[in-house]
Amino acid sequence: MKISLFLLSFLVLLPLSLQDPSPGVKAPTQAHAELTNHGFPIGLLPLSVKNYFINQTSGEFSLFLDGTCNIKLPPDNYLATYSKKVTGRISPGKIAELQGIRVWAFFKYWYITGIRISGDNLVFEVGVASAKYPSKNFDDSLDCEGKRSSS
Ligand SMILES: *[C@@H]1O[C@H](CO)[C@@H](O)[C@H](O)[C@H]1NC(C)=O
């Protein structure tokens, strides 16, 4: 009886905690935690993740920001733009079918379609092309440009 009550309250509370990562906690959100669970650094996402959903079976996720978010990516300071909605499919060491992140470089936008881990590097896939950067460049989750943390 005790156990089933516990399970019940857990099941009832779980969706709430996924939708609304504790307000006021500055540290990574549930979405950031999901990145680290799969071996990725938290700096792949801006701090301002508002909502986050994942299908734990398929790894398909959707996350929502307050709005479009610009971040300068180290080390070359390419401007990355996150759409208000970002979707993809995450598995250990691999994010595929990514939609909603583009990078401005060489006078055009490049849509990042996948990210995978290769040793100490992250490989960003842009269609058939790819670019490799050290993972440690992404250890910190940043605020969007022109926006201070609202907490
Ligand atoms: C989660 O993914 C699995 C496998 O693709 C699928 O069968 C299931 O319907 C999905 N669940 C939801 C809630 O979308």
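**Exercise 1. Find the bridge partners of the residues in strand 8, starting from I115, and describe how the strands around them pair**.

Step 1. Begin with I115: its bridge partner in strand 8 is F124. Strands here are DSSP runs of E with at least two residues, helices are runs of H or I with at least four, and both are numbered from the N terminus.

Step 2. Now widen the view to the strands. Strand 7 and strand 8 pair in the antiparallel sense, over 5 bridges; two strands count as paired if DSSP finds at least two bridges between them. They form a hairpin with 2 residues between them, and G119 in the turn has a positive phi of about 60°.

Step 3. Follow F124 to its other side, where A131 in strand 9 stands opposite. Strand 8 and strand 9 pair over 6 bridges, again in the antiparallel sense. Their hairpin has 2 residues between the strands, and G127 takes a positive phi near 60°.

A note before you go on: this is a predicted model, in which local features need pLDDT of at least 70, side-chain atom pairs count only at pLDDT 80 or more, and totals for chains, interfaces and linings use all residues. Residues are numbered from 1 along each chain as its sequence is written.

**Exercise 2. Decide whether V128 is buried or exposed**.

Step 1. Locate V128: it lies in the loop between strand 8 (121–126) and strand 9 (129–134).

Step 2. Recall the cut-offs: a residue is buried if 20 or more other C-beta atoms lie within 10 Å of its own, exposed if 12 or fewer, and partly exposed in between, with C-beta atoms placed from the backbone.

Step 3. V128 is exposed because 6 other C-beta atoms lie within 10 Å. For distance along the fold, its C-alpha atom is separated by 9.3 Å from that of T113, 15 residues away along the chain.

**Exercise 3. Place these strands in the whole protein and judge the confidence of the model**.

Step 1. Count the elements: there are 2 helices and 9 strands, in the order α-α-β-β-β-β-β-β-β-β-β along the sequence. Of the 151 residues, 22% count as buried.

Step 2. Check pLDDT, the predictor's confidence in each residue from 0 to 100. The average is 83, and 78% of the residues score at least 70.

Step 3. Compare the elements. Strand 7 (residues 114–118) has the highest mean pLDDT, 97, while helix 1 (residues 2–19) has the lowest, 45. Over residues 5–27 the pLDDT is below 50, and this stretch has 8 contacts in the model beyond near neighbours in sequence; a contact means C-beta atoms, placed from the backbone, within 7 Å.

Notes. Contact = placed C-beta atoms within 7 Å.
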